[in-house]
Amino acid sequence: MNIKLWDYLKYYTMNPKNHDLWVNYKAVVAEIFPDIEYVERHAEWTNDKGVNLTADLYSGEYFIKSRQVEIWDNKFCNIHNNIIYPKTGSNLPCFGMDLMGMNEKRVVLVFDFQHPVENYLFSTDKLPKADGTYRFFEPGNHFSENIYVRYCLPSEVDEHLPMFRKYLEFYKEMIDEHKPVGTDTTQYNDFDKYMIRLDPISGYLASRFGKEKSETLIKEFFFSYA
């Protein structure tokens with residue numbers, strides 16, 4: 001049985017062992033898109049050093065899927081990675097978020113409108129424009145001019161929450177305007193192939209869970225439309 005994302009989130013955060021740096025960000029997603037439902041857990045791993053991983057699948061009325069990965073070690077590592085894939089037929093971008101608590105002194109926040117069409121420059125004047133260049137992220141090639149990248153301390157992550165909300169509210173306006181219903185996942189073939197080539201998650205996972213196991217997760221879950 002599918003479970004509403006908000007209900008699943010409440011269940012998850014009520015468990016005292018689940019200390020989550022990104023809980024307020026996930027709560028915003030659940031608030032703005034209350035129809036998104038938890039579908040199933042694709043993977044659940046723990047390595048011999050206590051690093052944990054879960055890979056969960058969600059869906060919604062206008063979304064083919066939202067695939068969410070959590071990585072944590074009960075010390076300092078706390079990573080939330082999610083891409084929301086809208087249904088097709090309306091030329092809409094995905095919404096991607098890489099929220100990475102790497103250690104007690106370094107946090108990286110990235111969220112953006114990630115368009116499935118190669119070399120398609122998505123941009124809006126209603127949100128900040130990126131003012132720099134970033135490794136792994138190429139505005140104009142699947143990533144937008146509005147890509148939001150910030151570095152901070154763990155204690156500062158919620159300072160960026162209002163901007164995260166603005167991005168998601170803008171995204172909801174696009175979704176509500178077009179109400180996409182198509183399910184042609186070939187529209188995401190190039191996007192997922194590109195992400196496999198570019199995304200550093202492959203090496204990160206391999207170093208913690210082994211190359212073969214990690215490559216399977218990349219192909220079957222992270223970027224399954226490649």
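How many residues does the hairpin that joins β6 to β7 run through? Hold that thought for a moment, everyone, and hello! Please keep in mind that what we are looking at is a predicted model.

Now, back to the hairpin: it passes from β6 to β7 through two residues. Those two strands run antiparallel, with nine bridges between them. If you want to find one pair on your screen, look for C94, whose bridge partner in β7 is Q114.

β6 has another neighbour to show you. Strand β5, residues 78-86, is joined to β6 by seven bridges, and this pair also runs antiparallel. Here, try N78, which stands opposite G101 in β6.

So how much of β6 is covered? Mostly covered, it turns out: seven of its ten residues are buried.

That brings us to the inside of the protein. In general, nonpolar side chains in soluble globular proteins tend to be buried together. In our model, the largest nonpolar core has 35 residues, and the ones that touch the most other members are F95, F111, F113 and F164. Which elements give two or more residues to this core? They are α2 (23-32), β6 (94-103), β7 (106-114), β8 (148-152) and α3 (161-178). The largest share comes from α3, with nine residues.

There is one more thing to look for. Apart from this core lies another one, made of 34 residues, including A43, V69, V110 and F137.

To finish, let's go back to β6 once more: this strand is bridged to β5, bridged to β7, and among the contributors to the largest core. Thanks for listening!

Note on methods:
Residues numbered from 1 in each chain as written. Predicted model: local features only at pLDDT ≥ 70, side-chain atom pairs only at ≥ 80, totals over all residues. Heavy atoms only, no water. Core = buried A, V, L, I, M, F, W, Y, C linked by side-chain atoms within 4.5 Å. Buried < 20%, exposed > 50% of the residue type's maximum accessible area, 1.4 Å probe, protein only. Helix = DSSP H or I, 4+ residues; strand = E, 2+ residues; numbered from the N terminus. Pairing = 2+ DSSP bridges.
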